[in-house]
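Student: Could you take me through one part of this model up close? I'd like to know what surrounds it, and how it fits into the chain as a whole.

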Amino acid sequence: MTLADPPARLSARLRTGTRSEHDAAQGSGFLDRLAAGTLPRAAYADLAVQHWFIYETLERAAAAMADHPVAGAFVFPELTRLPALTDDLAELAGHTPGELLFPLAATREYRERLQAVAFDTPWGFIAHHYTRYLGDLSGGQYLGPAIARAYGLDGPGHRFFVFDGISPPDFRRRYRDLLDAADLSPEDADRLLAEVVEAYRLNIAVLDELKRRWAS
């Protein structure tokens, strides 16, 4: 008789189970064109607008889940992006998100999904938190400097990508340890994995709508 293989760690399941969705998000033609500087600066401002609406909702969810016995471990005030996005938009667009700026249809769908699952279910909150912030601390650390060079930004305008006082590699390791230690039932772990796939789909839909909007 042989012993059954131990279950895969949640962090490993997330990496392997969402690889194609991750690659699709990273391969967005819209992001590639921003990094190359072949789109107008207003297109980058448009991305910042959509991020503002997404993170406004996600960070309200973080406040709601801060005391949750499982999800609360994933609430890190130092990750908060909304103040940086507000400052970026003041530089890029000359006004704040409350003044004449609107979410795209795909962004509205994204926010509706966050409202549905991220405010009261640990698997839903962790799935969306992981997808956004681990992405910001991974590919975002390459995208941010490329955009800054392409559009001549030095501080204001790309603060969204800058995490003061955080070592991205160290933080990613710490975050994956938290995932592996999270007290989730097997069913909730499966729900989390499925929701990460959904989060990628929603993110890709926003990028696709931006790509169509700025097609030339």
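**A close look at helix α7**

Tutor: Let's begin with Pro122, which, once neighbours within four places in sequence are set aside, is in contact with Met65, His68, Val70, Ala71 and Leu184. Please keep in mind that this is a predicted model. Pro122 belongs to helix α7, a helix that covers residues 122-136. Is Pro122 buried or exposed? Its relative accessible area is 14%, and because the cut-off for buried is under 20%, Pro122 counts as buried. For a sense of distance, take Asp67: 55 residues separate it from Pro122 in sequence, while their C-alpha atoms are 11 Å apart in space.

Now move along the helix to Phe125, which also lies in α7. Phe125 has 0% relative accessibility, so it counts as buried. What does Phe125 touch, leaving aside residues within four places in sequence? The answer is Leu58, Ala61, Ala62, Met65, Ala71, Phe74, Val75, Val117 and Ala118. Two of these names should look familiar, as Met65 and Ala71 are also among the contacts of Pro122. Asp183 gives another distance to check: its C-alpha atom is 14 Å from that of Phe125, with the two positions 58 residues apart along the chain.

Val117 leads us to the packing of helices. How do α6 and α7 meet? Helix α6 spans residues 105-117, and its axis comes within 8 Å of the axis of α7, crossing at roughly 140°. That crossing makes α6 oblique to α7, because an angle has to be over 145 degrees to count as roughly antiparallel. On the α6 side, the contact is formed by Tyr110, Arg113, Leu114 and Val117; on the α7 side, by Trp123, Gly124, Phe125, His128 and Arg132. Sorted by character, the residues of this contact are five nonpolar, two polar and two charged. Phe125 thus appears twice in our picture: in the contact with α6, and touching residues such as Leu58 and Phe74.

What about the stretch before α6? Ala93 sits in the loop that links α5 (82-92) to α6. Its relative accessibility is 28%, so Ala93 counts as partly exposed. Ala118, one of the residues touched by Phe125, is 25 residues from Ala93 along the chain, and their C-alpha atoms are 29 Å apart.

Elsewhere, Trp214 is found in the segment after α10 (186-213). Not counting residues up to four places away in sequence, Trp214 touches Phe30, Arg33, Leu39, Pro40, Ala42, Ala43 and Asp46. From Gly165, 49 residues away in sequence, Trp214 is 35 Å away, C-alpha to C-alpha.

Finally, let's step back to the chain. It has 10 helices and zero strands. Of its contacts with a separation of 6 or more, 84% are between residues 24 or more positions apart; the pairing of Phe125 with Leu58 is one example from our tour. Of the 216 residues, 49% count as buried, with Pro122 and Phe125 among them. The accessible surface is about 10,500 Å², and carbon and sulfur atoms account for 53% of it. Along the principal axes, the C-alpha trace spans about 65 × 35 × 35 Å. The radius of gyration is 18 Å, which agrees with the value near 17 Å that a compact globule of 216 residues would have.

Conventions: Residues are numbered from 1 along each chain as its sequence is written. This is a predicted model: local features need pLDDT of at least 70, side-chain atom pairs count only at pLDDT 80 or more; totals for chains, interfaces and linings use all residues. Side-chain values use heavy atoms; hydrogens and water are left out. Axes are lines fitted to C-alpha atoms, for helices over the stretch in contact, and angles run from 0 to 180 degrees between N-to-C directions. Helices (H or I, at least four residues) and strands (E, at least two) are DSSP runs, numbered from the N terminus. Angles under 35 degrees count as roughly parallel, over 145 as roughly antiparallel, 65 to 115 as roughly perpendicular and the rest as oblique. Contact means heavy atoms within 4.5 Å. Ala, Val, Leu, Ile, Met, Phe, Trp, Tyr, Cys and Pro count as nonpolar, Asp, Glu, Lys and Arg as charged, and the others, Gly among them, as polar. The radius of gyration is taken over C-alpha atoms; the globule rule is 2.2 Å times the number of residues to the power 0.38. Buried means under 20% relative accessible area, exposed over 50%, partly exposed in between (1.4 Å probe, protein chains only). Accessible areas come from the Shrake-Rupley method with a 1.4 Å probe; for residues, only the protein chains shown count as cover.
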